[in-house]
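User: Could you take me through the interior of this model, slowly and in some detail? Once you've got the middle sorted, feel free to work outward.

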Amino acid sequence: MRHRSLLILTSVLTTGALTLTACGSRSDDDKGGSSGGSGGSSTSATKNVTVVIGVDAPLTGPNSATGLGLQYGAQIAADDANAKNLVPGVTFKISAKDDKAQPATGQQNATAFTSDDSVIAAIGPLNSSVAVSMQQVFATANMVEISPANTNPALTQGKDWATGKKTRPFPTYFRTATTDANQGGFAGDYAYNTLKKKSAFVVDDKQTYGAGLAAIFNQKFSSLGGKIAGTDHVNTGDNDYSTLVTKIKNSHADLVYYGGQYDESELITKQLKAAGVKIPLMGGDGMYSDTYIKTAGAAAEGDLVTSVGVPVSTLQTATDFINAYKSKGYPGDYGTYGGYTYDATTAIIKAVKVVMDANGGKLPAMPDARKALIDAVQKTDLDGVAGHVSFDEFGDTTNKQLTVYQVKAGKWVAVKSGVYTG
Amino acid sequence: MHTLPQQLANGLFIGSMYGLIAIGYTMVYGIVQLINFAHGEIYMTGAFGALAVYTNLPDGMSIWAALPLMLAGGALVSVLIAVGAERLAYRPLRNAPRLAPLITAIGLSLALQQAVFLWYPNATSGKPFPQLPGGPFHIGSVDIQSGDIFLVVAAVVCMSALAAFVRTSRTGRAMQATAQDPDTAQLMGIDTNRIIVIAFAIGGFFAAVAGLASGLKYGQIKYDIGFQAGLKAFTAAVLGGIGNIYGAMLGGLVLGIAESCASAYISNIPGMEQLGGGSWNTVWAFVLLIIVLLVRPQGLLGERVADRA
């Protein structure tokens, strides 16, 4: 009896295993079939290769609304390139990994990308703190990384950037967003000269991005003659800011500046206005998200952010991008970084073409292709959906446009665009 | 220092929340000597249960009418999970070495958090929670939000009801007996398993009240709010003397007020500018815990019990 039940068990397991294997191979066939299909549509006679572009961004948890904008911005760029057959013989694929806004997870993702021979370059991350942990990994693998969102100056200009000794730490790191040195200064200037605010309370979240931005704002605002009524720091993930609100109220500041992401600032502004402190909260691009208005509701009215670039929706070139994003029903906010992600991805795609052309129309084997791509990306010169794309000697974008947005009637409205001149 | 009344009030509100959650830690510990680290997650699921009820109510229903239903929904979820955890995870380990249920509790906490993250619709980032209309109310120089009033009233009502229940009802006295000596209590005819289930259920209910109050106060809940709140509430329970329900509430209030005053005033002390501010409140909470435990190892209201850790 016992013998027979063992037999039955074994046969059941074997059948199960065989079924699973069969399923596995069938789905593989499907994939092969579909990429073969798109290859058939391309006019090139050469064998079609699939090149993967990695995307690293927070796709769940904090910052995920803007993070998803990165994933799908890159997706649309890859789809467009495939549809227009921008690089004959190459099909681009996006592989997105979730870093949960955690530096350690970002580093794991970077390692996963560099160890995968099909990945040629990476887009991302969203958070400067995550970028710090990823740069070295990409540099060692000679893999290009273009962030559409990182704004901390030290990422491209070295830790002594503020003293004027700029050195580029990693030749593989590029970005299409301008730095906080410009953004924080632009915000300080706007707050003092345009809003006529005389006393600011400065709060940050102690992260690479938030603390850096707040410090630059603080410096600019006080150098113009503004008074810093107080400073405080919060923990990311906190939800009770009553102590902070009481301090701000007591400081009689007429503006709160917050260096950090929308996850905390939406709660701060809500609790601030609920306590009867009717002063605007101002922040950087990390706060420029529709989720901010959705969560804070009426409390967000009058709040301000600075963000990189000119508003994507005002650019003629961006219309197609926004329509594509909306028509596909992708989640996330494309507003801030979607256009920059599209451009960063396009820069990689065009660089792949340059590399192939220099190699007789064929993509070199992987370590060489990655290495050749660095130079090609450095020489990028294209008109993207969010403006002109090219990189200076530090890997920073040459497009230094910034825009101030304000919440009016429940929407972010651009109130001033310009270039920060110092 | 004229912000002191407001900062004390801030501390009182957050402290009431810690206290409500701490009741669950302290009751379970008092009876089975188990630190139920999954309790923070029970608080979180209570908040999500209340939100699920609210989302399924007809549009246009007033929040005041929805409130009892939300509380019932949150309480149902929390109590079911708390009792289910006891029945399925802790009871089989009742006589195992003490480390086994402790690790189980930590595992359960992670499992619950991930379950909400994965299966509650769109819970991967913050979920907006309805807030009570009205307010702020001004008493002297103190501003009070309507969510805070709900929190304090709920804490006082729940606490008084629990005190009356434990002191006067038959089941309450049976709980005290089980806490003192489970074996003797069983010999006297008390169904200790039932008492333990009741302790978990009451803890779950209090956690659900705290979860609902947290949603109403902050207008947003997240899948990971249970971890930090649970840790603070556990601290409050130890501070007040773990096993003592009044101690849990007192510990919560002391912790809340200490946190709020520490982050408000320590940076004003010359030479301590770097050690104040909102980001240091957790540090000062634990400094307070260490000091109290050095002076009174049994906690503020705890009894000195030689044979228990």
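Analyst: Let's fix one term before anything else: a residue is buried if 20 or more other C-beta atoms lie within 10 Å of its own, exposed if 12 or fewer, and partly exposed in between, with C-beta atoms placed from the backbone. Keep in mind that this is a predicted model, where local features need pLDDT of at least 70 and side-chain atom pairs count only at pLDDT 80 or more, while totals for chains, interfaces and linings use all residues. Residues are numbered from 1 along each chain as its sequence is written, and chains are lettered from A and ligands numbered from 1 in the order in which they are written.

Start with chain A as a whole. Of its 422 residues, 55% are buried. Its secondary structure amounts to 13 helices and 14 strands (DSSP runs, with H or I of at least four residues for helices and E of at least two for strands, numbered from the N terminus). Contacts here mean C-beta atoms, placed from the backbone, within 7 Å. Take the chain A contacts between residues at least 6 apart in sequence, and 74% of them link residues at least 24 apart.

Now for the interior itself. A nonpolar core is a set of buried Ala, Val, Leu, Ile, Met, Phe, Trp, Tyr and Cys residues joined through C-beta atoms within 7 Å. The largest one has 121 residues, and the members touching the most others are Ile53(A), Val256(A), Ile348(A), Val352(A) and Leu373(A). Helix H12 of chain A (residues 338–358) supplies the largest share of this core, 10 residues. The core takes in both domains of chain A, with at least three residues from each of domain 1 (49–178 + 312–391) and domain 2 (181–308 + 403–419); those bounds come from an automatic or database domain assignment. Apart from this core there's another one, of 90 residues, with Met44(B), Ala82(B), Leu108(B) and Ala199(B) among them.

Zoom in on Ile348(A). Ignoring neighbours within four places in sequence, Ile348(A) is in contact with Ile53(A), Ala121(A), Val144(A), Ile146(A) and Val377(A). Several of those names come back in the strands. Strand S1 (residues 49–57) of chain A runs parallel to S3(A), joined by four bridges; a pair of strands requires that DSSP finds at least two bridges between them. Ile53(A) has Ala121(A) as its bridge partner in S3(A). On to the next pair: three bridges connect S3(A) (residues 119–123) with S4(A), again in parallel. There, Ala121(A) is partnered with Val144(A), and Ile123(A) with Ile146(A).

S3(A) has five of its five residues buried, so the rest of the structure largely encloses it. In a regular strand the side chains alternate between the two faces of the sheet. S4(A) (residues 144–147) shows it nicely: Val144(A) and Ile146(A) point one way, Glu145(A) and Ser147(A) the other, and all are buried.

Back out to the domains. The C-alpha centres of domain 1 and domain 2 of chain A are 28 Å apart. Between them, 16 residues of domain 1 are in contact with 17 residues of domain 2. On the domain 1 side, helix H2 (64–83) and helix H4 (128–140) of chain A are the elements giving two or more residues, and H4(A) gives the most, three.

Next, the place where the chains meet. This contact involves 27 residues of chain A and 23 of chain B. On the chain B side, helix H1 (4–32), H9 and helix H10 (245–265) each give two or more residues, with H1(B) giving the most, four.

H9(B) deserves a second look. 13 of its 16 residues are buried, so H9(B) is largely enclosed by the rest of the structure. At 1.5 Å a residue, helix H9 (residues 225–240) of chain B should span 22 Å, which agrees with the 23 Å between its end C-alpha atoms; the expected span is 1.5 Å times one less than the number of residues. Just after H9(B), Gly241(B) adopts a positive phi of about 105°.

H5(B) (residues 146–168) passes that check too, with 33 Å expected for 23 residues and 33 Å between its end C-alpha atoms. Its buried residues include Leu151(B), Ala155(B), Cys158(B) and Leu162(B). The buried residues of H5(B) pack against H1, strand S3 (142–144), helix H8 (192–218) and H10 of chain B.

For contrast, finish at Ile139(B), in strand S2 (residues 137–139) of chain B. Ile139(B) counts as exposed because 9 other C-beta atoms lie within 10 Å. Between Ile139(B) and Pro5(B), the gap is 134 residues in sequence but 9.9 Å in space, C-alpha to C-alpha.

Terms used. Two residues are in contact if their C-beta atoms, placed from the backbone, lie within 7 Å.
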